[in-house]
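User: Got a minute to go through a model with me? I'd like to start with one of the helices.
Analyst: Sure, here it comes.
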Amino acid sequence: MSGEASAPGVSPRAPRPGTQKSSGAVTKKGDRAAKEKPVTVLQPVGEEEPKNPEEYQCTGVLETDFAELCTRSGYTDFPKVVPRPRPHPAFVPSASMSEKPALDDQRLSGSCSRSSLESKYVFFRPTVQVELEPEDKSVKEVFIRGWKVEERILGIFAKCLPPLSQLQAINLWKVGLTDKTLTAFIALLPLCAPTLRKVSLEGNPLPEQPYHKLMALDSTISHLSLRNNDIDDHGAQLLGQALSTLHSCNRSLVALNLGFNHIGDAGAGYIADGLRLNRALLWLSLAHNRIQDQGALKLAEVLRPFELTHTELVERRRLLLEKGSQERSRSPSSSRHGDSKGEKNPFTGLSNVALSEKPDKTPTTKTLKGLGKKKDKSGDGAKREEKPGSGQSPTQGTLKKEDTKASKGKVTIPEQKPNKGKGPKIGNKEKRSFLLESEQLVSEPSEVVNPLLEPVEHREGKVFMPGNKVLLHLNLTRNRITEVGLEGFLATVQHQAQFSKSKSAAKGPVGLLCLSLAKNCFPPQCPTYTMIQELMLPRDPISKARPREEEPTAAST
C-alpha cells in the first residue's frame, strides 16, 4: 500500500495547478527565447553571413540596396551613395551684398573652423556618385572615383546594379582594377539593363592590357573610354583586332577614346588595320599619344581608297563564290528574270517566299484597272515594285526597264525620292546624337553584307576599296606629326570632299566631319594645315551652326 500510495502521491503533482502554471511559464519563456534568438545567435555565428546577401532581394533603390548588402557582407565602414556634385554657377555679388561688412564672415570662420576643415575633406571620402533622371529620380549614371574596388564590392554591385532599369553609363576612375576584377566587371555588364551603353575605365593601367575584352562580338557597349591606361603598341594591337579582322567585326562600338596613352606608330597602324573593315565606329580619339608620321600616314590611307592585300582578295573571292551559290539555291528558275532577282536576294534574305506568293494576287488587281497584258509580265512588274526598298543599286536597273510603262514608272519613282532625301538630311542638319542613331540604322545591312563585298575599283591590275567613310570624328591633337603626315591627311580630305559632291554620296556616309590635328610638330601657319582647315570648315557641323546663332543676334542689334 505504501508503494501504491507513493505512486498516487507522485501522480497528483503533475496535474496540480501550480505545475500547470510552471508549464505555462515554460511556454512563455520559449516564446521570449524565440524572439531573442536573432539577437543572440546571429552575432557569434559567422558562417551564415555569406548567405545573407543572397537572401536579400534588391528593391531598385541603389542607396538602400548597396548599404544593406554591404552591411550583410560584414562591412562596417563602406562608401555612401550620393548624388553627383554639380559645379556651382559663377557667383556675382550684388551691390547690396558688397556694402555689408566682412565682420560676420570673420566671426563665422572662427567658430566653424573645425567644420570647414572637415567639409574640405568630404570630397576625398570614398563615395558612389550617381546621376539621377530629373523626372522619376532613377539612376542614370554611376561614378566611382579614387578608391579601390575589390572583388567583394563588385559582387555587391552585381546584385544591386541589374535592378536599375534606366542605367546608361558606368564610370570607374582610378579604382585599382586588376585582371581578376576586370574579368568580374565584364561579367557584370550583361546582367545590367539593356540601356547600359557607355563604359569608362580611366586611370586603371593593367600589365596585360586586356581592355579588348570589353569589345567582344557579343558586347553591347557603344561608347568606351580608355584614357590614361598606359596602353602601348601591344594594347593597341589587341584593340585593333577587336575592331575588325578578316573574319569578324565589332558592330556595336560607336565611340572609342584612347587619349593620354603611349600609342606609337606601330599601334596607330594596328588601329588603322582595324578600321579597314569596320563600318560601325564613328568617333575615335588618339590625342596625347606618341604617333608620328608613319602612323599618321597609315590612318590617313584607310580613309580613302586603299589597295586590298592578297589575303583580303582571297577572302573576297570566297565570299563572292559563296554569295553566288546562295543566290542560285534561293532562286530556282521561278521566272525569266532570275539574274535581276539574284542581285536582290542578299538584301531581302528570306523574303523570296513572300515575293513568290504576291505576284499571284497583284495581276488580278491590275487586270481590273484595264491592264490587258500577260500575267507573266504583270507578275514580273509586281516583283519589281515590291523590291525597291530592299536595295538601292538593283532598283536603278529596274527603273530603266519600266520607263516604257507609264503607269508603273509613276508608282516606283516617288517611292525612291523620299529614301534619297532622308540620307543627306540626317547627315547635314541633325546633331551628333542623331547621327549615332541614324548610323545604327545604316549599320543594319552591314550585318549581312561584308565590307569586302563593297564595289571595288580596278587600277593597273590592283583592286582598290572605296575606304572607310563611316568614321566622322578623328582627334590626333598633341602627337608628333610633322608636315609629312599632314600630306597624307590632305589627300584624304581632298578625296572625301570630291566624293561628297558626287551623286553617289547620297547613298551613304561621306567621311570625316571633324579632324583635329592641332598641337603637333608643325607650325600653325603651315600651308598644308591651312588647306586642311579650309576644306574641313564647310564640313564641320559645329562651324555650320555658329553662323546660324550669330544671325539672330545681328538682327536684334
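User: Which residues of H22 are exposed?
Analyst: Pro 527 and Glu 534, on the other side of H22 from its buried residues. Exposed means over 50% relative accessible area, buried under 20%, partly exposed in between (1.4 Å probe, protein chains only). Helices (H or I, at least four residues) and strands (E, at least two) are DSSP runs, numbered from the N terminus.
User: And which ones are buried in H22?
Analyst: Thr 528, Tyr 529, Ile 532 and Met 536, in a helix covering residues 527–536. Down the axis of H22 they fall within an arc of 100°, so they line one face; the arc is that of the directions from the helix axis to the C-beta atoms.
User: What do they pack against?
Analyst: Helix H21 (483–501) and strand S13 (514–516), with contact meaning heavy atoms within 4.5 Å.
User: Before I forget, what kind of model is this?
Analyst: It's a predicted model: local features need pLDDT of at least 70, side-chain atom pairs count only at pLDDT 80 or more, and totals for chains, interfaces and linings use all residues. Residues are numbered from 1 along each chain as its sequence is written, and side-chain values use heavy atoms, with hydrogens and water left out.
User: New topic: how many bridges join S4 to S5?
Analyst: Five, and the strands run parallel; pairing takes at least two DSSP bridges between two strands. Ile 170 has Val 199 in S5 as its bridge partner.
User: What does Val 199 stand opposite in S6?
Analyst: Leu 224. S5 and S6 (residues 223–225) are also parallel, over three bridges.
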